[in-house]
Amino acid sequence: MDFACGKRLKSVIVEVVDNLEKHGHFPFTQQVKEKLLKMSASSIDRMLKGERKKFEIRGKSHTKPGTLLKQQIKIKTFSEWSDSKVGFLQIDLVGHDGGNPKGEFCYSLDMVDVVSGWDEVVAIKNKAQIWTVQAIDVVRRRLPFEMLGINSDNGSEFINAHLSKYCQSNKIDFTRSRKYKKNDNCHVEQKNWSVVRRNVGYFRYDTQEELKLLNKLYGYLRLYNNHFQASMKLIEEMRYGSKVTKRYDKPTTPYERLLSSKDVPQEKKEALRQTHETLDLYDLKRKIVKCANKLFKINEKKKTERRHLDSVKFNV
C-alpha cells in the first residue's frame with residue numbers, strides 16, 4: 001500500500017484483506033486476519049516504523065513564464081477552492097530530465113480533481129503545446145465525471161492560445177494560480193511526489209520505449225491509486241494565538257468520494273462499481289512494480305552506454 005500512514009491504512013485494511021482473499025493472495029490464518037482488522041492506527045504506525053522509506057531527492061522546475069495571454073486568464077487562489085464541486089482539476093507538468101535539461105525528454109501531465117482527489121497522469125514526449133492539449137483531452141474522455149474546469153501554473157505549456165481555445169470549445173473553465181504561489185495549486189503539487197516521483201523516480205526518460213512504458217505504468221496506477229489509496233482532506237483550520245490546529249475528515253479513497261457525491265450521475269457511479277469489482281489489488285501492484293523495474297533497467301543500460309562512450313572519447 002506504498003507505506004501509507006496508520007490512519008489511511010486503517011481506513012482501507014478491511015477492503016485490502018477482502019480483495020487479497022477474493023483473488024487468492026492472502027494465505028494466512030483466520031487468527032492473523034482478525035489481528036490485522038483489530039489493529040489500531042497507532043499500532044500500525046508503531047509496527048511499521050522500521051519499514052518506511054524516505055527520500056530526500058528534489059527535482060528541478062521546468063516552468064517558464066507564459067505569454068501576455070495570461071492577462072486574459074483569471075487567477076484562482078488557494079482560498080477559492082473551498083466551495084468547488086467535482087470536475088474542477090488542478091494540473092501540472094513533471095519533467096523527467098534526470099538532472100540534464102539539455103535536449104528533449106518526457107514529461108508527465110498530472111491532473112487531480114480537488115474535491116474527490118481522483119488523479120490522472122499521462123506521459124508526453126515533450127512539453128510542446130500540442131502534446132499537452134492532447135493529453136488533457138485523453139484525460140477528459142476517460143474521467144468518470146465531467147471536466148468543468150482546470151487550473152494551471154503560469155508556464156507557457158499551459159498559458160497559450162491553443163489550450164485557451166480548447167477550453168472554450170469544450171466549455172471548460174480555465175484559471176491559473178498566482179505567480180510564485182505554489183500553494184494555489186497545492187493539490188496537484190502533492191500528487192507530483194506521491195504519484196509520479198514515488199513510482200518513476202528522478203531518472204531521465206527520453207526514448208519512445210520509455211514513453212510507452214510510462215503510459216502503461218500510469219494506466220495501472222490510476223486504478224490502484226483511485227480505487228485503493230485513501231487520503232484525508234482538510235476540513236477546518238483554527239488559530240489560537242501562534243498555535244494552528246487542523247482537523248481532517250475520515251481517510252477515504254477517491255472512488256468512495258465519487259460514489260457519495262451528488263455531482264456524479266448514477267450511471268457513472270454504476271460503471272465505477274463494476275470496474276472496482278473486477279480489480280485485483282495484488283496483481284495491479286505487481287504490474288506497477290514490473291513496469292517501474294523495466295524503466296529503471298533501461299535507465300541503467302543508458303548510463304552504462306554513456307560511460308563507455310565517455311571512456312572511448314577520453315582514450316582517443
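How many disulfides does a search of the whole structure find? The search finds zero. The model is a predicted one. A disulfide is a covalent bond between the sulfur atoms of two cysteines. Two cysteines can nevertheless be placed by their accessibility. C106 is buried, because its relative accessibility of 2% falls under 20%. C291 is buried as well, with a relative accessible area of 4%.

Confidence was examined next. The mean pLDDT of the protein is 86. A value of 70 or more is reached by 87% of the residues. Among the elements, strand 3 has the highest mean pLDDT, at 97. Strand 6, residues 234-240, has the lowest, at 78. The pLDDT drops below 50 over residues 55-59. Beyond near neighbours in sequence, that stretch has five contacts in the model. Where pLDDT is low, the predicted coordinates should not be read in detail.

The largest nonpolar core contains 32 residues. Within this core, the residues with the most contacts are V200, L214, L217, Y218, L221 and L295. Two or more residues come from each of helix 1 (6-22), strand 3 (119-124), helix 6 (186-200), helix 7 (208-228) and helix 10 (281-315). Helix 7 makes the greatest contribution, with nine residues. L214 illustrates the contacts. Leaving aside neighbours within four places in sequence, L214 touches H96, C106, A123, V200, Y205 and L295. The buried C106 is thus one of the contacts of L214. A second core, separate from the largest one, has 30 residues. Its members include V86, M147, I159 and L258.

Strand 2 spans residues 107-113 and is mostly covered. Seven of its seven residues are buried. In a regular strand the side chains alternate between the two faces of the sheet. In strand 2, both faces are covered. Y107, L109, M111 and D113 are buried on one side. S108, D110 and V112 are buried on the other.

Strand 2 also has two pairing partners. Strand 1, residues 88-95, runs antiparallel to strand 2 and is joined to it by seven bridges. In this pairing, Q90 stands opposite V112. Strand 3 also pairs with strand 2 in the antiparallel sense, over six bridges. Here L109 of strand 2 faces V122 of strand 3. The hairpin of strand 2 and strand 3 has five residues between the strands. In that hairpin, G117 takes a positive phi near 85°.

Positive phi values also appear before helix 1. D2 lies in the segment that precedes this helix. D2 is not a glycine, yet its phi is positive, at about 60°. With a relative accessibility of 17%, D2 counts as buried. F3 lies in the segment before helix 1 too. The phi of F3 is positive, near 55°, and F3 is a residue other than glycine. At 40% relative accessibility, F3 counts as partly exposed.

Aromatic pairs were then counted. The count comes to three. One pair is formed by F26 and F28, whose ring centres are 4.9 Å apart. Their planes stand at 80°, so the pair is edge-to-face. The two residues differ in accessibility: F26 is buried at 12%, whereas F28 is exposed at 51%.

Definitions and conventions: Residues are numbered from 1 along each chain as its sequence is written. Side-chain values use heavy atoms; hydrogens and water are left out. A disulfide is a pair of cysteine sulfur atoms within 2.5 Å. Buried means under 20% relative accessible area, exposed over 50%, partly exposed in between (1.4 Å probe, protein chains only). A nonpolar core is a set of buried Ala, Val, Leu, Ile, Met, Phe, Trp, Tyr and Cys residues joined through side-chain atoms within 4.5 Å. Helices (H or I, at least four residues) and strands (E, at least two) are DSSP runs, numbered from the N terminus. Contact means heavy atoms within 4.5 Å. pLDDT is the predictor's confidence in each residue, from 0 to 100. Rings of Phe, Tyr and Trp (its six-membered ring) pair if their centres lie within 6.5 Å; planes under 30 degrees apart count as stacked, over 60 as edge-to-face and the rest as tilted. Two strands pair if DSSP finds at least two bridges between them.
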